[in-house]
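Visitor: Hey, I've just opened this one and could use a tour. Mind if I fire some quick questions at you?

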Amino acid sequence: MKGYLLLASALLSGCATLKGADQAFLNLVGPSTQSQVQGHYVNDADVRQYYKLDPQRAGQQRLSYDGRTVPAAEARQQNLADIPMLQVYLQGIVTRLSKGWPGQLPLLQVKITDSYSFGPSADPYGNIFVPLGMLENVGSEDEIAAMLGHEMSHVLLHHHDRAAAFQQQKDMFTTVASTVALATVAANTGVDRSSGTMKLFSKDPAGTQKTIGNTVLYTSLANSFSDNVWSTAWGRSQEDQADLLGTDLMIRAGYAPRAATHSLERLNDFQGKQKPLLTGFLTARKNAMQDSLQQFNLDRFTKELDVLVKDGLTNTITATTDYFNRSHMSALDRDTELRQYLQREYRKERRARVNTTSWPKVRDAAPVAKAMQGYKDAYAATAALAKNKVPEADAFIRRALRSPVKDQPNIRRTAYAVRLAQGKNAEALKELQAIKDWSLAGPSTYDLMISYYLKRGDGKAALAMIDTAERHLGSEELFITEKLLANQQLQNAQQVQSVLRKCGQYPARKANCQKLAQVKA
Amino acid sequence: MTRIFIVLLVALYSQAVLAETHVIKAFLADPVEVVDEQGKLQREIARKDTPKQPIAVLQLNKALDLVQVELAGQKIWLDVGDLRIEPPLNVMELPCQQMPQSLASDTHNKSTLGYGAGCSQ
């Protein structure tokens with residue numbers, strides 16, 4: 001048995017895409033991280049090495065985030081929700097927790113996302129993403145602090161440097177979604193060479209729009225799984241370390257550590273409900289993908305793209321299934337280990353009671369409650385659409401459109417999907433155009449507008465929207481294939497060559513760009 | 001006045017009903033602390049001396065995270081932090097139908113799918 005474990009560990013350690021998995025694997029079969037810690041984890045030698053910030057590293061990250069060099073897999077996937085009072089409250093909790101960190105602090109910024117998943121997440125740039133689903137379910141400020149402290153710890157302990165699994169997961173979903181959208185545009189787009197120059201035209205505008213709309217709907221639902229990284233996408237050892245440091249920070253900030261148990265129990269409940277959904281989802285998705293791919297039989301251009309897409313999707317979905325099977329870990333095991341750490345190191349503090357009054361005060365304050373209700377109504381509209389109950393979806397979205405968050409991307413994108421389902425294409429477009437602050441939009445929302453402009457042959461408008469997306473998401477890679485298409489539409493040969501050169505730097509995009517470039521005048 | 005009385009009565013009754021359905025599945029701490037109804041330490045019990053079979057929860061004080069059980073013929077209060085209780089006290093409050101689901105069917109294009117399996121309730 002031991003030989004198999006060592007062999008498995010050796011194999012894992014030799015695989016570049018599973019960097020760090022060997023450590024996690026040994027952690028799963030050997031003594032837990034928590035049981036090996038003596039004293040408070042925040043004072044541990046392993047943690048002390050992170051007290052001092054490396055200015056060069058921090059500078060590189062900042063530069064990357066302010067510029068456009070964030071890899072597509074690391075770019076924010078969700079729309080943000082702008083609820084100022086809630087934002088200030090959550091940031092205040094992070095500030096309070098930060099005071100317990102003995103070292104230098106990186107910039108830590110809370111951002112609320114439109115996801116109805118439970119787990120928050122953090123990126124390497126110090127952004128802590130808090131899904132609305134978490135805020136709908138937590139019972140106290142202490143519980144919020146437990147989850148934010150955990151996420152802060154991932155950043156403080158530089159876990160992103162080793163988070164290959166996380167990258168892999170996000171990359172899978174991004175690739176699936178963007179490939180489907182691109183393939184749909186390609187499949188429904190004809191190539192007219194009669195005028196001597198390449199001209200793309202849409203063969204089925206309504207169909208293309210519907211498919212993209214559906215793809216976006218799917219993406220937002222899939223991301224509910226994708227961003228549940230709190231439990232599934234990180235190595236077990238990183239989770240344990242973040243649990244330990246997060247608990248230390250909580251206690252130093254005067255929060256009740258027992259709240260960590262509350263959130264881990266809830267997470268366990270959430271995972272229990274997701275598991276059968278996920279299995280059905282992956283099976284159904286695989287079949288549907290294969291069905292839809294059979295429709296791609298237009299001309300050589302789309303045929304070649306078809307082969308590329310087909311191979312890519314099959315591999316991706318298989319890998320996604322394997323990934324989830326491999327990386328699932330028990331929230332209750334983590335809870336048990338954490339409680340033993342508390343009993344050993346914090347005998348008195350572990351008895352502190354949670355404050356159940358502070359969070360409800362914020363949650364129930366009119367500006368927060370109305371905004372959260374608006375998002376809930378929009379989510380209910382999406383759920384109704386998923387059941388093909390269009391009138392019900394319409395009723396929900398009408399309510400959401402009367403809320404204070406009515407012009408935020410999630411609400412308008414949902415309204416767009418409802419209008420499409422009603423067959424009101426022109427009104428659907430107006431919903432998207434009503435988005436006031438595009439800095440809140442996620443890639444899938446940008447995708448809709450960019451695809452719309454490309455379909456109309458309006459390369460100039462597409463490029464303007466791509467530029468906005470690049471600025472706000474910090475990633476040139478995300479829409480580089482669309483950028484190439486837009487410049488081709490504008491017949492800007494110089495720009496086409498320039499984009500092609502840049503595209504060559506992104507392994508995940510390179511092949512698509514080359515395929516598109518083959519369609520010449 | 002009557003309405004307030006009814007609300008209080010329902011709250012009291014539901015607390016008792018809720019508590020009756022829960023059991024202590026495991027004692028996680030060693031020793032386990034016996035506390036008073038306000039959570040103040042009274043005495044300790046070694047884990048080896050705790051019952052190995054599940055014990056029914058008689059009362060639950062969610063605000064203080066305490067449960068009342070009967071041990072050796074005595075009603076005592078225990079801190080939930082020392083125990084594994086089933087079903088868990090902290091669950092997702094969103095109803096299952098608001099969990100992620102996809103389109104059940106799409107007549108025009110099948111690139112969007114449904115989960116099918118539904119909730120595991």
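Visitor: Let's start with helix α23 of chain A. Which residues are exposed on the other side of α23(A), away from the buried ones?

Guide: Those are Gln494(A), Gln497(A) and Arg501(A). Keep in mind that we're looking at a predicted model.

Visitor: And which residues of α23(A) are buried?

Guide: The helix covers residues 493-503, and Val496(A), Val499(A) and Cys503(A) are buried in it. Looking down the axis of α23(A), the buried residues fall within an arc of 70 degrees, so they line one face of the helix.

Visitor: Why would residues spaced like that end up on one face?

Guide: An α-helix has 3.6 residues a turn, so residues three or four places apart point the same way.

Visitor: OK, what covers the buried residues of α23(A)?

Guide: The cover includes two helices of chain A: α22, residues 480-489, and α24, residues 507-517.

Visitor: Zooming out, how many helices and strands does chain A have?

Guide: Chain A has 24 helices and five strands. Of its 521 residues, 51% are buried. If you take the contacts between residues at least 6 apart in sequence, 74% of them join residues at least 24 apart.

Visitor: Is there a sheet I should look at? What's the strand order?

Guide: Look for an open sheet of three strands in chain A, in the order β1-β3-β2, with mixed pairing. The edge strands are β1 (109-113) and β2 (121-122), each pairing on one side only.

Visitor: Do β1(A) and β3(A) run parallel or antiparallel?

Guide: Parallel, with five bridges joining β1(A) to β3(A), which spans residues 127-131. To pick out one pair, find Ile112(A): its bridge partner in β3(A) is Val130(A).

Visitor: What about helix α6(A), where does it lie?

Guide: Helix α6(A), residues 84-98, lies across β1 and β3 of chain A and runs at about 140 degrees to β1(A).

Visitor: New topic: confidence. What's the average pLDDT of chain A?

Guide: The average is 76, and 66% of the residues score at least 70. Among the elements of chain A, α6(A) has the highest mean pLDDT, 98, while helix α1(A), residues 2-13, has the lowest, 33.

Visitor: Where else is pLDDT under 50?

Guide: Over residues 168-193 of chain A the pLDDT is below 50, and that stretch has 74 contacts in the model beyond near neighbours in sequence. Residues 281-328 of chain A also stay under 50, with 63 contacts beyond four places in sequence.

Key
Residues are numbered from 1 along each chain as its sequence is written. Chains are lettered from A and ligands numbered from 1 in the order in which they are written. This is a predicted model: local features need pLDDT of at least 70, side-chain atom pairs count only at pLDDT 80 or more; totals for chains, interfaces and linings use all residues. Two strands pair if DSSP finds at least two bridges between them. Helices (H or I, at least four residues) and strands (E, at least two) are DSSP runs, numbered from the N terminus. Two residues are in contact if their C-beta atoms, placed from the backbone, lie within 7 Å. Axes are lines fitted to C-alpha atoms, for helices over the stretch in contact, and angles run from 0 to 180 degrees between N-to-C directions. A residue is buried if 20 or more other C-beta atoms lie within 10 Å of its own, exposed if 12 or fewer, and partly exposed in between; C-beta atoms are placed from the backbone. The arc is that of the directions from the helix axis to the C-beta atoms. pLDDT is the predictor's confidence in each residue, from 0 to 100.
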